[in-house]
Amino acid sequence: MEVIIKQLPLERFSELNKLFDMTPHPEFAETRRNNLATGQEICLIAELGGKLAGEINIMFKNDNLPEAIIQNRRAYLFALRVHEAAQGLGIGTILISEAIEACNKRGYIEQTIGVEPDNEPALHIYKSAGFKPFITGLKEDEFGKEITFDLLLRTP
Ligand SMILES: CC(C)(COP(=O)(O)OP(=O)(O)OC[C@H]1O[C@@H](n2cnc3c(N)ncnc32)[C@H](O)[C@@H]1OP(=O)(O)O)[C@@H](O)C(=O)NCCC(=O)NCCS
């Protein structure tokens, strides 16, 4: 089946709940929606057989983690998700590669991405795409739970 990548139009925002249910976190959903509306973020989606199968997001502006973004040079990739039923088919790999291309096209020739160090499939994909360890042991609050993650960096 063919995988199609496209930029998510804002009117399809609620479909992302099929990949990660944002309904218990309305403030988070509102922020994400606003950031897409202003162009501060872009969401690329993968469709398999016409159905939403995955997403990846690109952030061009963020005040929380200054190393992650440099204006007009470095963008932050986040929330790579592939629907469980569609995992292992290469969709995550395609999404990463398309996100890198979308960044490069806009002049954001460096990219960062955060990953929990035990997420082996994700780490494998990121390393294959050229990401290298950058900052380790960062902490973040994820809906009331503290997570530790590493920031990876990809340079041309
Ligand atoms: C991580 C995720 C996006 C991968 O998507 P996917 O479409 O299944 O990935 P792909 O099919 O493109 O590639 C998976 C790769 O990981 C490899 N892999 C799978 N399990 C692995 C493991 N335990 N250790 C190392 N590599 C592994 C596969 O061999 C494949 O690599 P290859 O193409 O070189 O053979 C998907 O599993 C997911 O949505 N997970 C939940 C959300 C998540 O963790 N997102 C990442 C946040 S940082």
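Let's start at the ligand: the shell around it is made up of eight nonpolar, eight polar and two charged residues. Keep in mind as you look around that this is a predicted model. Of the 18 residues in that shell, the ones that come nearest to the ligand are Q87, G92, T93, E120 and H124. Which element gives the largest share of the shell? That's α3, with six residues. Helix α3 covers 120–128, and along with β4 and α2 it belongs to the elements that each supply at least two shell residues.

Now step back to the sheet. It's an open one with seven strands, pairing is mixed, and the order runs β1-β2-β3-β4-β5-β7-β6. At the edges sit β1 (3–7) and β6 (132–142), each of which pairs on one side only. Going from one strand to the next, the twist averages 25 degrees. Helix α2 (residues 91–105) packs on this sheet, and it touches β1, β2 (41–48), β3 (51–59), β4 (74–82), β5 (110–115) and β7. Set against the direction of β3, that of α2 makes an angle of about 40 degrees.

Stay with α2 for a moment. This helix has 15 residues and spans 21 Å from first C-alpha to last, close to the 21 Å expected at 1.5 Å a residue. Which of its residues are buried? They are I91, G92, L95, I96, A99, I100 and C103. G92 is worth a second look, as it also turned up among the residues that come nearest to the ligand. Just past the end of α2 you'll find G107, whose phi is positive at about 90 degrees.

Helix α1 (residues 26–38) makes a good counterpart. With 13 residues, it reaches 18 Å from its first C-alpha to its last, close to the 18 Å expected at 1.5 Å a residue. But how many of its residues are buried? The number is zero, so α1 lies largely in the open. Right after α1 comes G39, which takes a positive phi of about 85 degrees.

Back to the β6 edge of the sheet. Strand β6 is hardly covered, as the count of buried residues among its eleven is zero. Its partner is β7 (residues 145–154), and the two pair in the antiparallel sense over eight bridges. To get your bearings on the register, find K132, which stands opposite L153 in β7, and then P133, which stands opposite L152. The hairpin of β6 and β7 has two residues between the strands, and there F143 takes a positive phi near 50 degrees.

F143 brings us to the backbone angles elsewhere. N72, in the loop between β3 and β4, isn't a glycine, yet its phi is positive, near 65 degrees. Is N72 buried or exposed? It has 10 C-beta neighbours inside 10 Å, so N72 counts as exposed. Then there's A79, which is also not a glycine and has a positive phi of about 50 degrees. Where does A79 sit? Its place is in strand β4, one of the elements that supply at least two residues of the ligand shell. Because A79 has 16 C-beta neighbours inside 10 Å, this residue counts as partly exposed.

How values were computed. Residues are numbered from 1 along each chain as its sequence is written. This is a predicted model: local features need pLDDT of at least 70, side-chain atom pairs count only at pLDDT 80 or more; totals for chains, interfaces and linings use all residues. Two strands pair if DSSP finds at least two bridges between them. Helices (H or I, at least four residues) and strands (E, at least two) are DSSP runs, numbered from the N terminus. Axes are lines fitted to C-alpha atoms, for helices over the stretch in contact, and angles run from 0 to 180 degrees between N-to-C directions. Two residues are in contact if their C-beta atoms, placed from the backbone, lie within 7 Å. A residue is near a molecule or strand if its C-beta atom, placed from the backbone, lies within 6 Å of it. Ala, Val, Leu, Ile, Met, Phe, Trp, Tyr, Cys and Pro count as nonpolar, Asp, Glu, Lys and Arg as charged, and the others, Gly among them, as polar. A residue is buried if 20 or more other C-beta atoms lie within 10 Å of its own, exposed if 12 or fewer, and partly exposed in between; C-beta atoms are placed from the backbone. The expected span of a helix is 1.5 Å times one less than its number of residues.
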